[in-house]
Amino acid sequence: MAQIFPRSANWASKASILTLLLVVASVLGVLLNINRIHFVNQVNVPLDQPVPFSHKHHVLGLGIDCRYCHVSVEKSAFAGIPPTETCMTCHSQIWTEAPILEPVRASYRDDTPIQWNRVHDLPDFVYFNHSIHVSKGIGCQTCHGQVDQMPLMWKANSLNMEWCIECHNDPAQFIRPRDQVFNMNYQPPADQESLGKRLVAEYEVETRQLTNCSICHR
Amino acid sequence: MHHEEESPYHGVMAQFDNPDDLVAAAKATYAAGYRKLDAYSPLPVHGLADAIGYKRTRLPWLVFCMGLLGAIAGYSLCYWVSVIDYPMNIGGRPFHSGPSFIPVTFEVTILFSAMTAAFGMLIANGLPQPYHPVFNVENFARASSDLFFLCIEAEDEKFDLDETTRFLQSLNPQEVSHVEN
Amino acid sequence: MSEAAKTPYKPPVNELGPGQTSYTSITDKISGVVFTKHTPIFWFVSFAIGFLLLHGLMIGAPYLLYEGTGIWGLNNPVGWGWAIINFVWWIGIGHAGTLISAVLLLFRQKWRTSINRAAEAMTIFAVLCAAQFPLLHTGRPWLAAYWLLPYPNSMAMWVNFRSPLIWDVFAVTTYLTVSLVFWYVGLVPDFASFRDRAKNRIAQVVYGFLSLGWRGSAFHWERYELASLILAGLSTPLVLSVHSVVSFDFATGIIPGWHTTIFPPYFVAGAIFAGFAMVLTLMIPLRRVYGLYDFITERHLNNMSKVMLASGLIVAYGYFMEIVIAQYSGSIWEMYMMRNRMGGPYGNYYWALILCNIAVPQLLWFRHFRLHPVWLWFICQFINVGMWLERFIIVVTSLHRDYLPSSWDMFHPTIWDAAIYIGTIGLFTILFFLFIRGFPMISIHEIRTLLKTGNHK
Amino acid sequence: MMPDINSRKQLELADVRDRISSESGQAYWRSLDELAQTDEFAQLVQREFPEQADELKDPVTRRNFLKLMGASFALGGLSGCTIQPGEKIVPQVRAPEDIIPGKPLFYATAYPQHGVGTGILVESHMGRPTKIEGNPLHPASRGGTSGVVQASILDLYDPDRSQTVKNGGRISTWSSFLDNFMHQLGLQGVKEGAGLRILTQTVTSPTQGALLAEIGKKYPKAQWHQYEAVNRDNYHAGSSLAYGRHVNAVYDFSKADLVLSLDSDFANSGPASARYARDFAAKRRVRDGQKAMNRLYVAESSPTATGSLADHRLALGGKAIEALALHIAQALGVSSQGVGQVDSGAPAKWVSALISDLKSHRGRSIVTAGDAASPGVHALVHAINAALGNVGQTVHLSDPIEVQPALHMDSLQTLVSAMDAGQVDLLVILGGNPVYDAPIDLNFADALAKVDTRVHLSLSENETSDQCHWHVPESHYLEAWGDLRSHDGLASIVQPLIEPLYKTKSALDFLAVMADKAGTPGLELVRQYWESQALDANFATYWRRALHDGVLPGTEAVKRTPKVVGAIQLADDFGQMPEEDVVELQLRPDPMVGDGRHANNGWLQETPRPITKLTWDNAALVSPATALRLRLQNERLAELRLGDNTLRVPVWIVPGQADNVVTLHLGFGRQRGGRVAEGSGFNAYLLSTAQQPNGGLGLQINPSFDQYPLACTQEHHSMEGRSLVRESSLEHYKSHPHFVHEGWYAHDPPDDLTLYNRTDHQYDGYAWGMIIDLGSCMGCNACSIACQAENNIPVVGKSQVLNGREMAWIRIDRYYKGELDDPGIVHQPVPCMQCENAPCEVVCPVAATVHSAEGLNDMVYNRCVGTRYCANNCPYKVRRFNFLLYTDKESESLKLQRNPDVTVRSRGVMEKCTYCVQRINMARIEAKTSGKDIADGQIVTACEQACPTESIVFGNINDPQSRVSRYKASELNYGILTDLNTRPRTTYLAGLKNPNPEITES
């Protein structure tokens, strides 16, 4: 009888099987990590805003406290986005002619809100509460990153559930003294481990409860 | 088949029409001191492989080990997930709900060992191997339906084209043919 | 060609009919089914019917995904309906294949060789049909498809290994994979036969590709047989575990009529029962159409009937024990459940089940019915229906009246319940007929071994 | 859309909390068919064994508008993935004072129920009112609310509300209306308003009254008519008979040890029902050491929520009730003229025992009659209360609370005759829907057609708007300023929670226009009026206080103690029992949709009626015996003929219904008025006449075989001998304090029964639990509607209810016991039991439902893939599945109502009660940030908050001082299906009755 396949078919067949396995493996690898990729989560990607507001300038440059604008961060689930009049308290005095501030003045003039692009946007089924985190010694910086270094605001973390769980599993790694919460340059001490344990106990953080579903999902 | 360059022939092949003649011939050939042999049949023939110097495979052990590995993998997955990584109070059951982990463990065990058995066999047989010199033999197409072949390969020290051919003819086959590479 | 080759060697044989006397004739006969110029009308008709039925699935499934499980008759007490019934039904049918090829192999039952190939194919197609339902029946299949698998994800969430549904996932996927591999391994040497008989190039390449270059080397055969034996050894506990796990879906629930320890054994028995019925449903017509009388002899019909009779009696015992235990338990829930099954709104379904699964199969005590293809075929139809009813009784009557009478309600199936079920029957049919058209529906190399027996020198 | 804040004083959350917290077997017979073993009877009730014939129907095609074909697939998918489209974030330009973004505020206002005010607190999220609670300071609420009040929030956001002024059906504007209207008024001014008529509903609003008076001065010849189909004419007529003048009666159930109700559903209907139910229940609750119970006798034609609480209940027809009243009155020495001795047919022993009981409770009893009872009955009831010395003790009489008490039917008739006579040039209809609900024989529509200019103000375009030249959209009461008097005359300010969603006007604005005060904002009108009343030296503080508390102190109606006229004049046929087999028709307001004004409210339409458990339809309710006699069958249409009016309605057999009485509820069969209202039920007004607005004797019934499916949420009415509802009598309880766990009930396993060690799960922090008092639950379903409002529970529509797919998170099971013709009725609210060994959790493959450290059975919607295994495995069947996309994701206005703290579930997701986990979390966070512990009563679940009878109590079972712990310590405490060892956190207090031994012992 005649050969059906050429000699080369021998190594070709084996090689193709290996390749197929490799391809499948790598495709799976990509799929599993797709939403861990920073770009997909828009992490470290500055968002354009109607007004190029610079946290760097206002926080680092002028030393304005977070709470001056985000008034309800200690009282409510929602940290609060400042109303136009908050901007105008200063900008009715200074930079009154600056063209980049025109949208702000316009908003104040015709009573139309400024539409900011949301940077930190959790899914609708996640119920995050700022007040409790702040009061239990989780610094702004821990989640929002070095905001005082951000000319335009961007997401410093993925906000993936695994990222939340990392802390909810063991807050001792990230907790800091209450008075340091709004400090942008807080450096965790060498003995964070022991300090963390102490603070968790002191602030009565119910670690056992933190990974309960209903803590964040209702 | 890296001997191609040296010899134009893969070997010499004798054709029989029933398994018993083949087994007899195989025994004789082995007795005659030939070692690089192979025999081809459309159905498994008992004693044939032994007749031409078959060595027991360690496949069963491999299967057993992989099965064991599967069992460990299965149970530890359940345990690690339910007790260590994200323990949850599910219906008031203990974190380590041993009995509930058994079915998964069992299935993984079977899966691992079965896959090992199947693919181990193919690999041990060097399959897939679409091209092989024996296919050059004219009647070999019937090796998969009703003919039986005994092949002395060129790699054998005792191999000598005419000598070997003559020897095979002495086993009164239906036919003897040269297997080109 | 030598003279001898023209007059083939003829050993005595007892497993085969008188017509099959030589390796040549066996190979010709079986490969002839595929390498023929004129495919029988029967094939086209059956395939056409199958394709027609398939539309139930092709229309039903997209509509289901678009609208939601609400298109089915499900409601609050009855959260599971036809989808789960069909799932269990198909899985059960699948079991016969593995059983015949694995268990009977271990028991050295040589008669299995002429039916195991088709039975294994049936297994795979049945499991394929079954596997659709667990996914389709979920409210959000697009999530269930991957959330039911344990893999490291960005949610740091895992599955719940305490849930029988997760056990299902593992059991069914393992079962499907192992059956496929087992089936393929069995096919390799026969693909080689086809490769060598194929006339046109494409067929040669395709079968050559599938045969992996099998050349029947003695060494290969040795390892091959070993591997087959191991696979058989593994498939046997597997097949038992799969239907036990499926039965856990109910047995681990607390619903009266579900929460019972007798389920695993009697589900497995039921599976054998149903499986053999389906094998006969398929083989009896094929035997006639393709004239396979020499391969599927009266002996086969007889043996399979006996297996059905035996497993049928185990099932009957299961039903009986359900009643006994319900009364013996003294639990008002169980006792009401049993009363309701027999005399409740679904009572007629229950008695139909008894008729199909217990009464009718008793005919198999009589040799006449065991050997008479037509009678046998109709008895098998009763069993196929009966096994579906059994699952209906278990799923629906247990759920529709459980603990709080205030929540009791009736289950009314809709056209979409039916459409998707019929669709899977269509899928099964066309897959099976494609198989017999292109694959060796009987294991040639194993049949050859039958010839050889009785002739050892 | 912020209402102007500065003029209002809102309450702080904590403030509200403090206030709320400071307030603070038997032979159950089998289901109908099994009971009556006769085959013929079995046929009557075929619901339990429906033919399998028409099964192969596609539920989707049968579904009504409530399903939105919208991209349900995509929406379903979205909720699963974490990557979502970019979102805008929009701050205010000027931050309103005292609003903390993300925190709800509570405002006090009042809900108008037939013109009478019920005080409420409204939860507002960033200016969106989302939820209504009772106002603990208000006499008509005391913190509780009825289901109807709860549901009124939905009317505000009803997508079918009319949004613009219409002229002859074409879109127009307010200004062009004003031009035309002022012109017309001008013409009337010339002829002193001789052709001007104003038709309102009941008016108690003092400010409106003042404006009407002004208008009256301006147009001396104009006339003001009042009409509501469900009115108190008979009551007013009755009090005139008894006292020769209009009096308003207020009951004080907290002082009554004995109550006799003559066809009165006082605990579940009327503006004060929440208060009455609360006081009444408090007197029969055997907990907190109280060991005494009041006693309730009820004689009613059709079983009601109140009736199901009765210790002794008699099913009597209207005439029999008259006779009974007369019998009692005579026994108590009340003199009357017209008729002599009559026999009510009530068991003599029953009546004599009742009379002696009444005599022994002088000054501590209440006799009350339903609004539909005949004037004579009301008169006798007045006289009886007077004779018993209850007046001044438990019954307080005062001047009427209406601005101008009127007999509505007379008022309407005069209007109609005037219209027929062509005397009416300009008719202003403020609210109401006379074209739909006026008696058929008045031909209101025809008369209306004779009026030159017809103006109609209403929330949505209805039958009447269609017949009017001008339709003006009315503001919802949460959008406009106003004031109302409550049942005892105490006035409340109605303050808006939100600027009008559309260009709407309130009745007040409208009257202002007519009184030449166009443009004066409602706030000013109200404030000016009350300032003029000079109730307090410092009006500013008084006003702020009033807004804050929701009541205007010192405005209660003046108490009177009039003398009963010598002898009460009764009608000649009073109490004359009809012939055998003469059937009486009773037209009554539906417990949910009332006279039809709530017909477009999906929540109310889909809430099971307390006794019948019917939704989406009304039906001819008949007793089993009558059904047998007249060959009537469930869900078969029958033709009712009263006089020369006929109507075809489906039949529903109700055990406990009086024989030969057909009760048919009003408010259905709307032709116009919204997608929900239209097409549901049958218009019973087609049988009402000016002479017999509430039906009458001599009803002809022709059965037919035409099927009409009724969506009943409970198909099986027997407890199948399962010890689900456990109850007994007070005496038996005193002799066997542990009866709940004895005899038939003695199968509850020990608490520590377990197969595995529990050390993994210790509930040592807060452990939430709930207890439900079956002794005081009357099945009113207020809890169910409150839950629906709080937890964004969708409405599914009739066809889905028929499929058994209703979504109620807390449902009320109703079982019958005793004899078929005179059954006992028991209710059992069933929320999620939050089992510690939850069977549902174990079977979920994706861990979408797991336990929290506080013992909650968490349900994670976004994780759920919808296998429904949990629902199957839940023995209490409290889990609800979104079989289709039930949530309305398209109507913008409905989105405003949704509670932002609760996930809106999409298709294919399981949902269930979570003990209002959002409230628990909010309280926990507040406590933790402020470093305090959560006090008992600080967390109030929606159902608990709404419950008028305080039957539901929620709290921390680890705190021995908490109410829930104390009640769970009672011998009456038990759990259901505990033999499954589910260890439920929700348990029940066994029900107790206080029957009169003279009647029970035979």
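Q: Why do K319(D) and D573(D) count as a salt bridge in this predicted model?
A: The closest N and O atoms of K319(D) and D573(D) are 3.4 Å apart. A salt bridge needs a Lys or Arg side-chain nitrogen within 4 Å of an Asp or Glu carboxyl oxygen, so this pair makes the cut.

Q: What makes this pair a tie between parts that are 254 residues apart in sequence?
A: Look at where each partner sits: K319(D) lies in helix 12 (residues 318-331) of chain D, and D573(D) lies in the loop between strand 22 (568-569) and strand 23 (584-589), so the pair ties those parts together.

Q: Is K319(D) called buried or exposed, and how do you know?
A: Buried means under 20% relative accessible area. K319(D) has 14%, so K319(D) is buried.

Q: And what about D573(D): why is it called partly exposed?
A: Its relative accessible area is 43%. Partly exposed covers what lies between under 20% and over 50%, so D573(D) belongs there.

Q: What makes D160(D) and R675(D) a salt bridge?
A: Their side chains meet at 2.9 Å, N to O, and the limit is 4 Å, so the pair qualifies. D160(D) is in the loop between helix 6 (147-157) and strand 5 (166-167) of chain D, while R675(D) is in the loop between strand 28 and strand 29, so parts that are 515 residues apart in sequence get tied together.

Q: Why is R675(D) partly exposed?
A: R675(D) has 45% relative accessibility. That falls between the buried limit of 20% and the exposed limit of 50%, so "partly exposed" is the right label.

Q: How do you know that Q671(D) is exposed?
A: Exposed means over 50%, and Q671(D) comes in at 64%, so that settles it. Q671(D) is in the loop between strand 28 (661-666) and strand 29 (700-707) of chain D. Leaving out residues up to four places away in sequence, Q671(D) touches E463(D) and E678(D).

Q: What makes E524(D) and R527(D) a salt bridge, and where do they lie?
A: The N to O distance is 3.6 Å, which is within 4 Å, so yes, it counts. Both residues lie in helix 20 (residues 522-533) of chain D, 3 residues apart, about one turn of the helix. An α-helix has 3.6 residues a turn, so residues three or four places apart point the same way.

Q: Why are E524(D) and R527(D) both called partly exposed?
A: E524(D) has a relative accessible area of 26%, and R527(D) has 25%. Neither value is under 20% or over 50%, so both get the in-between label.

Q: How do you know that helix 19 of chain D is mostly covered?
A: Count the buried residues: 7 of the 8 in helix 19 (residues 507-514) are buried. Among them are L508(D), F510(D) and M514(D). After the helix comes D516(D), whose phi is positive, near 60°.

Q: What makes E635(D) and N781(D) buried?
A: E635(D) has a relative accessible area of 5% and N781(D) has 2%; both are under 20%, so both are buried. Each also has a positive phi without being a glycine: about 60° for E635(D) and about 75° for N781(D).

Q: Why is the peptide bond from L127(B) to P128(B) called cis?
A: Check omega: for this bond it is near 0°. P128(B) is found in the loop between helix 4 (98-124) and strand 3 (148-153) of chain B.

Q: What makes K877(D) and D402(C) a salt bridge between chain D and chain C?
A: Their side chains meet at 2.8 Å, N to O, and that is within 4 Å, so the pair counts. The count between these two chains is 1 salt bridge, along with 36 residue pairs in polar contact. About 5800 Å² is buried between them.

Q: How do you know that L31(A) is exposed, and what patch is it part of?
A: The relative accessible area of L31(A) is 55%, which is over 50%, so L31(A) is exposed. L31(A) sits in helix 1 (residues 9-33) of chain A, and together with L20(A), V23(A), V24(A), V27(A) and L28(A) makes a nonpolar surface patch of about 550 Å².

Notes:
Residues are numbered from 1 along each chain as its sequence is written. Chains are lettered from A and ligands numbered from 1 in the order in which they are written. This is a predicted model: local features need pLDDT of at least 70, side-chain atom pairs count only at pLDDT 80 or more; totals for chains, interfaces and linings use all residues. Side-chain values use heavy atoms; hydrogens and water are left out. Patches are made of residues with over 30% relative accessible area and no salt bridge: like charges are joined within 9 Å, nonpolar side chains (Val, Leu, Ile, Met, Phe, Trp, Tyr) within 5 Å. Accessible areas come from the Shrake-Rupley method with a 1.4 Å probe; for residues, only the protein chains shown count as cover. Helices (H or I, at least four residues) and strands (E, at least two) are DSSP runs, numbered from the N terminus. Buried means under 20% relative accessible area, exposed over 50%, partly exposed in between (1.4 Å probe, protein chains only). Buried area is the accessible area (1.4 Å probe) that two parts lose on being put together, summed over both. A polar contact is a pair of N or O atoms within 3.5 Å; within protein, one must be able to donate a hydrogen and the other to accept it, and residues adjacent in sequence count only if both atoms are side-chain atoms. Contact means heavy atoms within 4.5 Å.
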